[in-house]
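Please look over the sequence and the 3D structure below, and keep both in view while you read. The paragraphs that follow start at the ligand, move on to a strand and its partners, and end in a loop.

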Amino acid sequence: MIISTPDPVPNQLNAPYVPIVEAIRTRRSIRRYTDQPVSHELIEMLLTAASWSPSAHNRQPWRFVAVLTPATRDSLARQMGERLRTDLSSDGVPIAAIESDTNRSYSRITGAKALIIVCLSLVDMDQYPDARRTNAEYLMAAQSTAMAAQNLLLAAHGYGLGACWMCAPLFCPDVVQRVLQLPDDWQPQALITLGYPAETKTKTREPLETRVLWR
Ligand SMILES: Cc1cc2nc3c(=O)[nH]c(=O)nc-3n(C[C@H](O)[C@H](O)[C@H](O)COP(=O)(O)O)c2cc1C
């Protein structure tokens, strides 16, 4: 099932209807959710879809933590918020703005019916003696993990869920590691909030010619 959301980008080319392209085109980041719970089975379907993503050497460097327990979600939101507060304070951000940012982050995370923490592991990736290739290998793992996360977002959209990628774990990986008691090699990359949509969104995209060169 592809859920139809307001047309984000006019279908300028009048292209034929292709379900996967329609899913890509109509997916939006959804940040507000209804009270309807998201089942364990549905989360498993999303994770299975994500696992079918391409990955460098087919090493599947993605790792996922499904957080469905409200107490865990609350603890994660609170402790990530503490780190955000510390970071913003040391930037000299005014207290009112810090409170507003941390409260928004807390509500976003605790307002989701489920969270998926997307992590990356290098254990199965190739190892090199030099920094140039080590960096390339790391990037390939990060690219593969991001592809899995994108497919997870698309699968969520296809099953009628709303989802949003949050980058916060990148800024406090140690906090996420500690709160969720992750294995040492699991590097938190992103947090995906999930739930049944309580909002609709429209977005635009920059014209193709500003992003593409033809040679
Ligand atoms: C790497 C990455 C990081 C993002 N981080 C956040 C975030 O921290 N908070 C948030 O609300 N949205 C975040 N987003 C969602 C973007 O804001 C969103 O994808 C963009 O505005 C386009 O909107 P659309 O997804 O509805 O097309 C992130 C997206 C990506 C790909």
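Sorted by class, the shell around the ligand holds 4 nonpolar, 1 polar and 6 charged residues, where Ala, Val, Leu, Ile, Met, Phe, Trp, Tyr, Cys and Pro count as nonpolar, Asp, Glu, Lys and Arg as charged, and the others, Gly among them, as polar. This is a predicted model, in which local features need pLDDT of at least 70 and side-chain atom pairs count only at pLDDT 80 or more, while totals for chains, interfaces and linings use all residues. Residues are numbered from 1 along each chain as its sequence is written, and side-chain values use heavy atoms, with hydrogens and water left out.

The residues around the ligand, meaning those with a heavy atom within 4 Å of it, are R27, R28, S29, R31, R108, C164, W165, M166, C167, K203 and R205. Strand β3 (residues 162–166) supplies the largest share of this shell, 3 residues; strands here are DSSP runs of E with at least two residues, and helices are runs of H or I with at least four, numbered from the N terminus. A polar side-chain atom of R28 lies 2.8 Å from an oxygen atom of the ligand, and a polar side-chain atom of K203 lies 3.2 Å from an oxygen atom of the ligand. At W165 a polar backbone atom is 3.2 Å from a nitrogen atom of the ligand.

Where in the structure does strand β2 lie, enclosed or open? Strand β2 (residues 114–120) is largely enclosed by the rest of the structure, because 7 of its 7 residues are buried, that is, under 20% relative accessible area with a 1.4 Å probe and protein chains only, whereas exposed means over 50% and partly exposed lies in between. Both faces of β2 are covered, with A114, I116, V118 and L120 buried on one side and L115, I117 and C119 buried on the other. Strand β1 (residues 62–67) runs antiparallel to β2 and is joined to it by 6 bridges, strands being paired if DSSP finds at least two bridges between them. In this pairing W62 stands opposite L120. Strand β4 (residues 187–195) also runs antiparallel to β2, with 7 bridges joining them, and here V118 stands opposite A190.

Finally, turn to Q36, which lies in the loop between α1 (19–26) and α2 (40–51). Q36 counts as partly exposed because its relative accessibility is 43%. Leaving aside neighbours within four places in sequence, Q36 is in contact (heavy atoms within 4.5 Å) with K113 and Y196. Although Q36 and P197 are 161 residues apart in sequence, they are 9.5 Å apart in space, C-alpha to C-alpha.

Notes. A polar contact is a pair of N or O atoms within 3.5 Å; within protein, one must be able to donate a hydrogen and the other to accept it, and residues adjacent in sequence count only if both atoms are side-chain atoms.
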